[in-house]
Amino acid sequence: MPSYKLTVAYIGTEYCGFQVQPNGPTIQGELMKAGISLFGEDVTVTGASRTDSGVHAKGQVVVLKGSKDIPARKVPMAMNVRLPDDIVIVDAQPVADLWHPRYCNHHKTYEYKIFNGAIQFPQDKKDSYHFKRQLDIGAMKEAAAKYVGTHDFESYSSSGKSTEDTIRTIYWVDITEVRPDMLSVRVCGNGFLYNMVRIMVGTLLDVGVGKIDQGTIECSLSERNRALAGHTAPAHGLTLLEIDYMDEKEKDRV
């Protein structure tokens with residue numbers, strides 16, 4: 001079966017997350033329906049990241065496997081005419097049959113947008129969290145640096161969604177004022193637990209309003225206690241920006 005690595009962008013507002021489930025429409029479900037229409041039979045769609053309900057993406061990666069050998073350059077257009085307007089295939093590349101988007105060496109970058117003004121523009125409501133309280137951005141930047149490195153992030157995963165391995169490496173956290181009323185928090189790591197980025201952002205916001213101090217972050221990491229971290233920021237402010245596959249970059253250097 002031909003395998004295609006697809007880069008997918010979507011607005012997650014109307015979907016119950018990426019992964020197929022019985023209680024509503026999903027990104028994976030829509031991709032499967034479009035794939036079945038294109039190939040004329042069942043296809044498999046495997047995602048690199050199982051984004052939650054309401055979360056958006058500009059650089060989600062999936063593998064689509066079908067029966068027809070269609071040139072990869074034709075796949076985006078052929079899929080896009082079969083997809084809803086809020087899901088778009090940005091790029092398609094052929095990959096080996098055993099290539100898996102989750103198990104190859106990769107870095108993920110997420111962005112969380114925070115609208116920090118009095119009145120939020122309608123255009124910003126779908127992809128940014130309206131946080132009205134004044135923020136100490138300097139304190140947030142200092143606190144964000146404490147996440148960089150390899151840590152046990154058990155405190156930064158929602159209860160009931162535990163996983164055996166909660167060790168993750170964060171390569172960088174960048175907090176930028178993209179305009180006077182909009183803050184961007186970008187986080188790059190080798191993987192993320194369920195709700196991990198949203199809890200990190202919620203904790204940084206709690207630091208920004210003085211609800212918790214920076215030392216609490218170090219304590220939350222060492223104590224592995226969810227109660228020590230901050231609140232979970234809403235899903236709609238989060239976007240999966242990019243997934244970089246390091247093995248592919250190494251090949252490009254050869």
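Leucine 6 touches Gln60, Val61, Val62, Leu64, Val75, Ile89, Asp91 and Ala92, leaving out residues up to four places away in sequence. The model is predicted. Leu6 is also among the residues with the most contacts inside the largest nonpolar core, which has 73 residues. The points below cover that core, helix α4, the aromatic pairs, the cysteines, the largest pocket and two backbone angles.

**Nonpolar core**

- Besides Leu6, the residues with the most contacts inside the largest nonpolar core are Leu31, Met79, Tyr156, Val185 and Leu204.
- Helix α4, residues 196–208, gives the largest share of this core, eight residues.
- In soluble globular proteins, nonpolar side chains tend to be buried together.

**Glycine 202 in helix α4**

- Glycine 202 is located in helix α4.
- Its relative accessibility is 0%, so glycine 202 counts as buried.
- Outside its neighbours within four places in sequence, glycine 202 is in contact with Gly230, His231 and Ala233.
- Glycine 202 and leucine 6 are 196 residues apart along the chain, and 31 Å separates their C-alpha atoms.

**Aromatic pairs**

- The count of aromatic pairs comes to eight.
- One of them joins tyrosine 112 and tyrosine 129 in an edge-to-face arrangement, with 6.4 Å centre to centre and 90° between the planes.
- This pair links distant parts of the chain, since tyrosine 112 belongs to strand β5 (residues 106–115) and tyrosine 129 to strand β6 (residues 129–130), 17 residues apart.
- Tyrosine 129 also pairs with phenylalanine 131, again edge-to-face, at 5.7 Å centre to centre and 70° between the planes.
- Tyr112, Tyr129 and Phe131 form one aromatic cluster.
- Each member of the cluster is buried: tyrosine 112 has a relative accessible area of 0%, tyrosine 129 is at 15% relative accessibility, and phenylalanine 131 is at 9%.

**Cysteines**

- The count of disulfides comes to zero.
- Cysteine 188 is in no disulfide, and the nearest cysteine sulfur, that of cysteine 104, is 17 Å away.
- The cut-off for a disulfide is a pair of cysteine sulfur atoms within 2.5 Å, so the 17 Å from cysteine 188 to cysteine 104 does not qualify.
- Cysteine 188 counts as buried at 5% relative accessibility, whereas cysteine 219 counts as partly exposed at 34%.

**Largest pocket**

- The largest pocket holds about 790 Å³ of space.
- Its lining is made up of 27 residues, and Ser49, Arg50, Phe192, Leu193 and Tyr194 lie nearest the centre of the pocket.
- At least two lining residues come from each of β5, β8 (167–179) and α4.

**Positive phi angles**

- Most residues other than glycine have a negative phi.
- Asparagine 195 is not a glycine, yet has a positive phi of about 70°.
- Asparagine 195 sits in the loop between β9 (182–189) and α4, and is buried, with a relative accessible area of 10%.
- Arginine 224 likewise has a positive phi, near 55°.
- The place of arginine 224 is the loop between α5 (215–223) and β10 (238–245).
- With a relative accessible area of 44%, arginine 224 is partly exposed.

How values were computed:
Residues numbered from 1 in each chain as written. Predicted model: local features only at pLDDT ≥ 70, side-chain atom pairs only at ≥ 80, totals over all residues. Heavy atoms only, no water. Core = buried A, V, L, I, M, F, W, Y, C linked by side-chain atoms within 4.5 Å. Buried < 20%, exposed > 50% of the residue type's maximum accessible area, 1.4 Å probe, protein only. Helix = DSSP H or I, 4+ residues; strand = E, 2+ residues; numbered from the N terminus. Contact = heavy atoms within 4.5 Å. Phe/Tyr/Trp six-rings, centres within 6.5 Å; stacked < 30°, edge-to-face > 60°. 1 Å grid on protein atoms, 1.4 Å probe; cavity = no way out; pocket = protein on both sides within 12 Å on 5 of 7 lines; lining within 4 Å. Points joined across faces, edges and corners; volume = space filled by probe spheres on them.
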